Amino acid sequence: MTLTKKPETRPAPNSWGLVGGDNPFDYAPAPEATDHVRIEPEYGLFIGNEFVPAKPKKTFTVINPATEEPLAKVAHASKADVDRAVKAAREAHRTSWSKLPGRERAKYLYRIARILQERSREFAVVESMNSGKPIKESRDVDVPLVAAHFFYYAGWADKLDYAYPNREPRSLGVAAQVIPWNFPLLMLAWKIAPALAAGNTVVLKPASTTPLTAYLFADVVRQADLPPGVVNIITGPGEIGMELVTHPDVNKVAFTGSTAVGKMIARAVAGSDKKLTLELGGKAANIVFDDAPLDQAIEGIINGIYFNQGEVCCAGSRLFVQESVYEPLIDKLKNRLSTLRVGDPLDKNTDVGAINSAGQLAKVQELVDSGVAEGAEIFQPDCELPTRGFFFRPTLFTGVSQSHRIAQEEIFGPVLSVLTFRTPEEAIEKANNTPYGLSAGVWTEKGSRIFKMVNAMRAGVVWANTFNRFDPTSPFGGYKESGYGREGGIHGLGAYLDLSGSNGR
Ligand code: NDP
């Protein structure tokens, strides 16, 4: 008698023994308390250590993207306010900050870092309320990294001569910094910590949807007793960002955001003596070889694209899978996707929070629709979404071809496009076939293959057997249309220094 094995109709269980949408755990809500945070009804511009109204007085409303409820009104800066802020920064640079010995600047930065640690819970809650990111990320990733950046650059402030021997490093002057909404506080830290360590003063413009932790940080600046004018924060629309970066008395421009705006800024400051760094978009390849530990790779893929709702410039949004492991990997990925919890960002169980704005949600939806229309196969877990707020199901596309828009354009949402390859050469060719070059990931057991891939990838950061790991000591930045210059590490410090002098030693 011949026994025929019945075909497997259900996908194999994942490493936790869960299949598909099966979830043996019934989670009770575990919301983080908000009664310990105080969000003011209205925030003025932060200039010269004072909160001042915009001139003429004008405000706009900031909302919570998870509830669509208003959180606060913030000042809408005018061109005259930009000028006021730059003047305050210039005066502080001339009279106090650039004159302080490095060890004194370091003391202020250490103080800021310690206050951020002390107030970390408050910062995490406000960040999640304003940006929509899950509290477990703002609490365990964003805020600790923010403090780490201030500690790290505090360490450099009195060692500039050692960092750049024979160079006489000098501060540049006033830095204009424009940051996006996906990591509001972390981007503030990436910009402000090295600028201050190097002896510059700053005017920072947060994104219009996410200014609240920047204004909370202004409170830390006062608490740390920084001289007035060293840190200035102004809010307003994109045009105000442009007024700031093109202000004639600004010496250094640092921008993080879309490639389109980055190009406009590069054109606007071309021909001036402003030093410029641009950290722009990405369309990272995450490459899984057939010898990779698949369960570990699954966690890396999930973290690579669904962390922060995929609103990450270095997100692993294109997954390249070696054909021989394609089927088991996709089965495991769909199972894991089905266990992600989407919902209230303040719930400690939430994995995927709210998209930052209605506009961004519409952009994600439009690109997902294009993926379906162009013939890719969509998979979305059958999870319930909150009825209010800007939520989007974690999405996986298979059958994607390189010409599809979802394989070409930065979606900036929880959407993964899966492609396949047979040889390392094919993986390299396909992975580099993008105008961007910010980051990449490689999953393999072979060290030699990791080195080969790292050298071949046109990407500023390549992670091996991990993804989306950040450290203040490590430089971050792009190739091609992902921008230029590096942030983090000693490279990030150099971007805020004039190194043209030589002390003749
Ligand atoms: P933007 O590049 O428009 O915004 C980033 C920052 O630049 C914000 O502070 C914004 O201010 C400011 N800004 C906008 N226009 C100008 C301008 N003309 N001159 C100077 N500053 C300006 O990104 P969006 O918010 O519009 O997002 C659009 C897309 O960009 C996203 O879908 C995503 O693909 C990509 N993006 C990439 C980011 C990255 O880190 N690589 C970050 C954010 C977005 P305001 O908020 O007031 O408009």
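Guide: Ala, Val, Leu, Ile, Met, Phe, Trp, Tyr, Cys and Pro count as nonpolar, Asp, Glu, Lys and Arg as charged, and the others, Gly among them, as polar. The model here is predicted: local features need pLDDT of at least 70, side-chain atom pairs need 80 or more, and totals for chains, interfaces and linings use all residues. Numbering starts from 1 along each chain as its sequence is written, and side-chain values use heavy atoms, without hydrogens or water.

Visitor: By class, which residues does the lining of the largest pocket have?

Guide: There are 17 nonpolar, 15 polar and 6 charged residues in that lining. The pocket's volume is about 700 Å³. Its lining counts 38 residues, and W181, F255, G257, S258 and V261 are the closest to the centre.

Visitor: What makes a residue part of the lining?

Guide: A lining residue has an atom within 4 Å of a pocket point, so W181 qualifies.

Visitor: Why is F150 called part of a nonpolar core?

Guide: A nonpolar core joins buried residues such as Phe through side-chain atoms within 4.5 Å, where buried means under 20% relative accessible area (1.4 Å probe, protein chains only). F150 is in the largest core, of 142 residues, so F150 fits that description. F150, F217, V231, I234 and L329 have the most contacts inside it. Apart from that core lies another, of 28 residues, including L367 and M457.

Visitor: What does I234 touch?

Guide: Among its contacts (heavy atoms within 4.5 Å), leaving out residues up to four places away in sequence, are L45, V82, K205 and Y215.

Terms used. Buried means under 20% relative accessible area, exposed over 50%, partly exposed in between (1.4 Å probe, protein chains only). On a 1 Å grid over the protein atoms alone, a cavity is a set of points where a 1.4 Å probe fits but cannot get out, and a pocket is an open set with protein on both sides within 12 Å along at least five of seven lines; lining residues have an atom within 4 Å of a point. Grid points are joined across faces, edges and corners, and a volume is the space filled by probe spheres set on the points.
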